[in-house]
Amino acid sequence: MTDAGLFSPASVTWRVHADPLVGLAGLRALLLRALHPVADDATAQRDYLTRARLRDDPWGRLRDLTDAVTITTFGSAAEALTVAARARAVIGTLTGSRSVGGRWQGDDEDLLLWEHVCRVDSFLTVVRRGGLRLTDQEADDYVAEQVRAASLCGLEPDVVPSTVAALTEHLNRTRAELAVGPASRRLAQEVVSPAEDLTELPVWAGVSGLAFAALPDWARRMYALAELPGAAGLVGTGVDTALRMVRTTLTGPRSWRVEPRAGLDAPAPSPSPARGSAGTPPRR
């Protein structure tokens with residue numbers, strides 16, 4: 001019997017995660033996630049353990065993120081479980097002290113839930129603002145489908161938001177706990193100024209600037225960064241217009257969308273960002 005995977009071709013998840021803007025959305029999720037004080041500390045530890053420094057290899061960092069999403073979405077259930085097990089093996093080693101409430105572990109429910117909410121909100125927000133047409137019901141369906149992905153991380157389904165309203169409520173409820181810490185500040189700076197020898201720096205500046213511009217207003221104010229090249233003058237509908245332009249550029253006969261059923265043994269993508277989803281190289 002064929003392993004059909006976690007999601008069917010008819011799912012909203014397939015439509016969202018095959019969108020050309022999914023890489024840019026992943027970068028927005030990283031920036032949003034890092035505002036949580038515990039996630040801030042966990043980000044620093046995880047980057048050290050995996051040597052996934054954004055400054056040293058920004059395209060590689062995003063490729064790792066989108067590869068995991070690709071396999072979880074389009075791969076078999078066995079492949080999705082393998083990817084999740086690898087991630088949980090790293091997360092389980094993370095630990096630290098909270099400013100209030102004692103110590104935390106990387107697999108604490110609140111930390112896993114925050115990461116999930118940031119990812120789902122970012123993917124849904126960016127692709128819709130970029131022009132992917134989804135009804136409100138389809139948006140709710142996407143959030144509900146992602147409960148399955150959250151379960152792979154160790155979350156119980158009943159604690160995971162299953163509607164857009166519940167997702168937004170969790171974001172709003174968590175805002176009071178957020179702050180810009182050392183790791184989140186470092187992440188933001190690496191988004192703005194990756195390694196000087198990055199040959200595609202102008203391309204990266206446009207992608208990172210637009211990802212930053214797509215953050216909620218309150219999150220951008222917390223980071224208090226100077227205007228980025230890709231975000232100069234962009235607010236409100238200006239961000240939507242820019243996202244639509246990027247999506248249009250990446251959509252067409254020679255566009256490179258995420259390839260369905262890309263398995264664990266698929267060849268590694270080229271590091272060049274010349275073709276593919278915004279913010280990540282293509283999978284061949």
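**Exercise 1. Which residues are buried in α12?**

Solution. This is a predicted model: local features need pLDDT of at least 70, side-chain atom pairs count only at pLDDT 80 or more, and totals for chains, interfaces and linings use all residues. Residues are numbered from 1 along each chain as its sequence is written, and side-chain values use heavy atoms, leaving out hydrogens and water.

Step 1. Fix the terms. Buried means under 20% relative accessible area, exposed over 50%, partly exposed in between (1.4 Å probe, protein chains only). Helices (H or I, at least four residues) and strands (E, at least two) are DSSP runs, numbered from the N terminus.

Step 2. Read off the buried set: Val239, Ala242, Leu243 and Arg247.

Step 3. Look down the axis of α12. The buried residues fall within an arc of 135°, so they line one face of the helix. The arc is that of the directions from the helix axis to the C-beta atoms.

Step 4. Turn to the other side of α12. Thr237, Met245, Thr248 and Thr249 are exposed there.

**Exercise 2. Compare the span of helix α12 with its expected value.**

Solution. Step 1. The expected span is 1.5 Å times one less than the number of residues.

Step 2. Helix α12 (residues 237-249) has 13 residues, so it should span 18 Å.

Step 3. Its end C-alpha atoms are 18 Å apart, which agrees.

**Exercise 3. Place Ala139 and list its contacts.**

Solution. Step 1. Ala139 sits in helix α7 (residues 136-152).

Step 2. Its relative accessible area is 0%, so Ala139 is buried.

Step 3. Contact means heavy atoms within 4.5 Å. Leaving aside neighbours within four places in sequence, Ala139 touches Leu124, Arg128 and Val164.

Step 4. Check a pair far apart in sequence. Val12 and Ala139 are separated by 127 residues, yet their C-alpha atoms are 7.8 Å apart.

**Exercise 4. Describe the nonpolar cores.**

Solution. Step 1. A nonpolar core is a set of buried Ala, Val, Leu, Ile, Met, Phe, Trp, Tyr and Cys residues joined through side-chain atoms within 4.5 Å.

Step 2. The largest core holds 52 residues. Val16, Leu32, Tyr142 and Tyr223 have the most contacts inside it.

Step 3. Helix α6 (residues 109-129) gives this core its largest share, 10 residues.

Step 4. A second, separate core has five residues, among them Phe7, Ala18, Phe74 and Ala149.

Step 5. Take Leu32. Beyond four places in sequence, its contacts include Trp114, Cys118, Leu171 and Trp218.
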